[in-house]
Amino acid sequence: MNQQTQGIAEHGSRPEPDLSVRNFTVLLSSTPRGARLARLLAVDTLRSWGLPHERASHVIAELAANAATHGRLPGRSFRLTLYVVGATLRIEVTDTRGERMPEPQVPYPEAESGRGLLLVEVLADRWGVAEGRFPRKTVWAELSFTPPEPASSCSGAVDD
């Protein structure tokens, strides 16, 4: 018996905290369709990881739409990357327009666009821009969440 197996045998089976780092990355076309696909794939991934996705889906939609609109170069894709470390989700969207840095704008009240980064600012705990190897830049956002409870190892119904 190795030490890890022996420890379980001596102390019973206790769930260990999940210290793994989860990640997902995908290249998508710099088009409105690519931006929609980024949101759909991210929501599906977060669901499969058992994590909340409501706030994240809005942040991803805005960052991906910005990459497809303002970070677009013909024939170049953008990259969506998700990392989960502990109770933090980090969203990264990398495009090939490093010379065009995003800046939150205060749009005119009647304007139909221009509020994306304001939404990111409200929904994310932190966000920023990292300059990559030219011509790339990465716009990132971090969202904290409550980790899901480990599944109970007990079987059967609980009586009231």
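Colleague: Which residues form a nonpolar patch on the surface?

Modeller: V21, Y83 and V85 do, with about 250 Å² of accessible area together (Shrake-Rupley method, 1.4 Å probe, only the protein chains shown as cover). Patch residues have over 30% relative accessible area and no salt bridge; nonpolar side chains are joined within 5 Å, like charges within 9 Å. This is a predicted model, where local features need pLDDT of at least 70, side-chain atom pairs need 80 or more, and totals for chains, interfaces and linings use all residues. Residues are numbered from 1 along each chain, and side-chain values use heavy atoms, without hydrogens and water.

Colleague: Where is V85 found?

Modeller: In strand β2, residues 77–85 (strands are DSSP E runs of at least two residues). V85 counts as partly exposed because its relative accessibility is 49%, between the 20% below which a residue is buried and the 50% above which it is exposed.

Colleague: New topic. How many salt bridges are there?

Modeller: Five, taking a Lys or Arg side-chain nitrogen within 4 Å of an Asp or Glu carboxyl oxygen.

Colleague: Which residues are linked in a network?

Modeller: R90, E92, R126 and E142. R90 pairs with E92 at 2.7 Å between the closest N and O atoms, and with E142 at 2.8 Å. R90 in strand β3 and E142 in strand β5 are 52 residues apart, so this pair links distant parts of the chain.

Colleague: Is E142 buried or exposed?

Modeller: Buried, at 15% relative accessible area. E92 is buried too, at 17%, while R90 is partly exposed at 22%.

Colleague: And which residue forms a salt bridge with R97?

Modeller: E99, with the closest N and O atoms 2.5 Å apart. E99 is partly exposed at 46%, whereas R97 is buried at 18%.

Notes: Helix = DSSP H or I, 4+ residues; strand = E, 2+ residues; numbered from the N terminus. Buried < 20%, exposed > 50% of the residue type's maximum accessible area, 1.4 Å probe, protein only.
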